[in-house]
Amino acid sequence: MPVPRLLSDTAPAHGAVRTPRSWLHSDVPSLSLNGEWRFRLSPSADLPDDVASPSLDDAAWDSLPVPAHWVLQGDGRYGRPIYTNVQFPFPIEPPFVPDENPTGDYRRHFDLPAGWPDDARIVLRFDGVESLYRVWVNGTEAGAASGSRLAHEFDVTDLVRAGANLLSVRVHQWSAASYLEDQDQWWLPGIFRDVTLSARPADGLEDVWLRTGFADGRGTIDPEVTATDDAFPVTLRLPELGVEVVWATPAEVAPVAIGAVDPWTAESPRLYDATVASRGETVSLRVGFRTVEIRGDRFLVNGRRVVFHGMNRHETHPERGRVFDEEHARAELIRMKRFNVNAIRTSHYPPHPRLLDLADELGFWVVLECDLETHGFEKAGWRDNPSDDPRWRDAYLDRMRRTVERDKNHPAIVMWSLGNESGTGANLAAMSAWVHDRDPERPVHYEGDYTGEYTDVYSRMYSSVPETEQIGTDGSLAPLLGCTPAQGARQRTKPFLLCEYAHAMGNGPGALDQYEALADAHPRLHGGFVWEWRDHGILTRTADGTPFYAYGGDFGEVVHDGNFVMDGMVLSNDLPTPGLHEFAAVAQPVALTFSEGAEQLIVANRRHSASAADLTLQWRVEHDGRETASGVLEAPTVAAGDAERVALPAVPRSDDGETWLTVEAVLSEDAPWAPAGHVVARAQLDRTPSRAARRGSPAAAEWRDSAGTVDLGLASFDRGGLVRLAGRRASGPRLELFRAPTDNDEGAASSDPTYSDASIAGVSSAQLWREQGLDRLTHRLVSVQEAPGALRTVTRVSAANSVDSVTVETIWAAIDGELELRVEIEPTAGWPSVWPRIGVRFDLPDDGSPIDTAEWFGTGPLESYPDSTRAAYVGRFRASIDQLNVEYARPQETGHRTAVREVDLGTFAFTTLADSRGRLPGFSLSRHTPQQVAAARHPHELPTSDTTHLFVDAAQHGLGSRACGPDVWPEFALRPEARTLQVRFRA
Ligand code: IPT
């Protein structure tokens, strides 16, 4: 077929492409063709077929590893990655792609192993090639295929010969298939998964499917064996269960009652080794017994409701891209388990097949998604969308078929998903119908089926808290997205899940606990999947060699979507974000609460089916963050879904400090994913006896005007301003209303009426802040006064061309060997929007000994914000300035510790006093001002600094999820208001 026609061909496969089947562990002879290949890159697809010619001399070609993406090899020699979310990086003219089409020619020689059976079919398997490729063996074309994250097998029996062989592959970056692969990720061409040659005997097992079931403590296996008559007898063995069944002919293959077994669940992923042997081949599987069903609006596994505490997982790595690394994948899944993640949506394509072995083994509910997204068609109102165009029907069906057939044996997979963001249409409906026929058990998911025409579960992305609540509630006529009231009523008859929520871009997301509470309250709601597991940063270097994690635009792309690809719970360098810690606290599988009167701990087991017998309840009492007593509670065994009460010990109270009781549920023994002692859940109780709050001293009454150049206790002042503190240079307090906007502050999504009083549709909070000049406030000293042992200043703070202002009164007073500072912050009426923060900044120049560590008593150990406080607990913590701040991919607000009581910075320390409403301030420590942070696009662009900045904030604005979802919940939005800050410094 001429190249232009092949490139625009919507039909997925040509030539000797074999029928899709399971990815099986088999004993047939095989040869991995991974390794170094000869490689040549051309800028265009229209090339002579010389790549296939045995006489071509490729000695001058480069060498490239397989599997790999060519754009991630050779330091830019083979082009660069392109990041787009919804946009297509080429003109939208389906099914055509531009002539400028990077094309990689690959060649390698291999020896056909001696001793492979003569009558075997020789099969060449590609587990992933992006996006369209042609294959030749010894100069003859075997075929062509597309479907980047799907497997293809070619029958090359007639093309290979004994001894040396030449394998040639031509890979085009762009093809008709690219229109179906518009997922939000880097475009990364190349042979990026394994290539394997195998010898399939005539009496081998073409395919095996062991469908399992579990009911009343007993397992069943409903087998499907695809093999020729010659392959029989076929024997199924499960040695551990004493099962050995022999089928003499295909007609004898029938369901097997297994007897008593332990079921498979994500919590107790019990697997049994099984083999299926024909005359010529034995395959090994790990079987888990479980039954998936929908009953009414409940999604059940083994008869019990499942709540997804899930992550959307892309395959991405800063150096390898989508090339699979089993060790890294295992470490990722172990990390998920440690952070109370119990489910994975394989967004938005099937992962490397080994990932599903790991999911079976470690235990996850998996929604396995097909490799499909046509999001870029949304721009033109879905005109020409392949999803509803008969020319693409075969491609859609082929993709779904390859998805299901490859992975159907995995107990972890409890749902199939048709794809993501592809509008709606007949081809999607046809995919669903095909799945229903092929695998009637597992439900079909697809979010774009708003009205529920052809899918089994109701799914949404980023619906707000009130909307989600309405979905969970009966009798609500509130319209559901894209539905008439009648369609909405139908959707409410189905189980609901959030296939994406809580967009984890930069600092955030907020409100995880609000979504969790909804799933607790409304059984129809089955939880969801956070967008997304990890950042997709690509490790690269600046011209001067500084390494950094690149995002969209860093490779000079013509169109790109910036840092929208950095929206994970884990940073590019594998570091879990505070957002992931918040998730772990919210998703904790046992809820620990205290009875009224605090005599008892209530242990509620929120798991699917496992008891809490694997957990030990440890307690400790701390006075002002210092442990005074500890022990272990006599824990009852709490069955899943039950709650039990446990008596608490007597708590010794501190006379003058705070008394906190902390209870932690920890693993009693090592689990496959965490050692004994790993904290699974935590709760705290404030047992501080109520006593009169510590009040600041009354301000001196006899003020007289002053030049303000005085010494006061451990500080010196010049014209009212601080110049020295505890023997080091210092300045401040300076009013700070700005924070370096988070990605959510920069987001302009959503105008849900519930939130709208705090936000304007289409306009980000950050834009409003910049318009008002919060990042460029100017100061005018109005007055300086003195009284014995005290100093008072009044400053008016406002921005250029603004009538709105803030009056800041500071009163310093030397008291009991300490220096007290009281700051009264009072805005004029009329400031129009929410504020990022209300606080003050102190500048502390290094002078040879930088302030680079803080020890504090307050909440920690990680940053927290008003709508993300569940992971924070009260204690005494210590951290370096680098540990205090998170290196988000794009620099932004970070490091705020809420409700701090005491901070020790080495040369000096300070305590805080609650305001008249009992609110304690927070603090942060940074090497940069918010203005500097806001100006940097990447961490390495931050200027070198010779100063530490201390921020004491009366309040911070919440985080929300507005980069792609709802704004900050009104209760956690910070409005301009008068606030008081009060701290006491000591040396
Ligand atoms: C949603 C996509 O499904 C997901 O792939 C990702 O792009 C996410 O957005 C944003 O990071 S679609 C969005 C338009 C709601």
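Here is a short chat about how a few labels in this predicted model are earned.

User: What kind of model is this, and how are residues numbered?

Analyst: It's a predicted model, where local features need pLDDT of at least 70, side-chain atom pairs count only at pLDDT 80 or more, and totals for chains, interfaces and linings use all residues. Residues are numbered from 1 along each chain as its sequence is written, and side-chain values use heavy atoms, leaving out hydrogens and water.

User: Why are strand 45 and strand 46 said to pair?

Analyst: Pairing takes at least two bridges found by DSSP, and strands are DSSP runs of E, at least two residues, numbered from the N terminus. Strand 45 (residues 710-712) and strand 46 (residues 715-718) have three bridges, in the antiparallel sense, so they pair. One of the partnerships is Val 710 with Phe 717. In the hairpin's two residues between the strands, Gly 713 takes a positive phi near 55°.

User: What makes strand 46 and strand 47 a pair too?

Analyst: Four bridges join strand 46 to strand 47 (residues 721-725), so the cut-off is met. They run antiparallel, and Ser 716 has Arg 724 as its bridge partner. In this hairpin's turn, Arg 719 has a positive phi of about 45°.

User: How do you know that helix 4 touches helix 5?

Analyst: Contact means heavy atoms within 4.5 Å. Residues of helix 4 that meet helix 5 include Tyr 396, Leu 397 and Met 400; on the helix 5 side, Met 431 and Trp 434 are among them.
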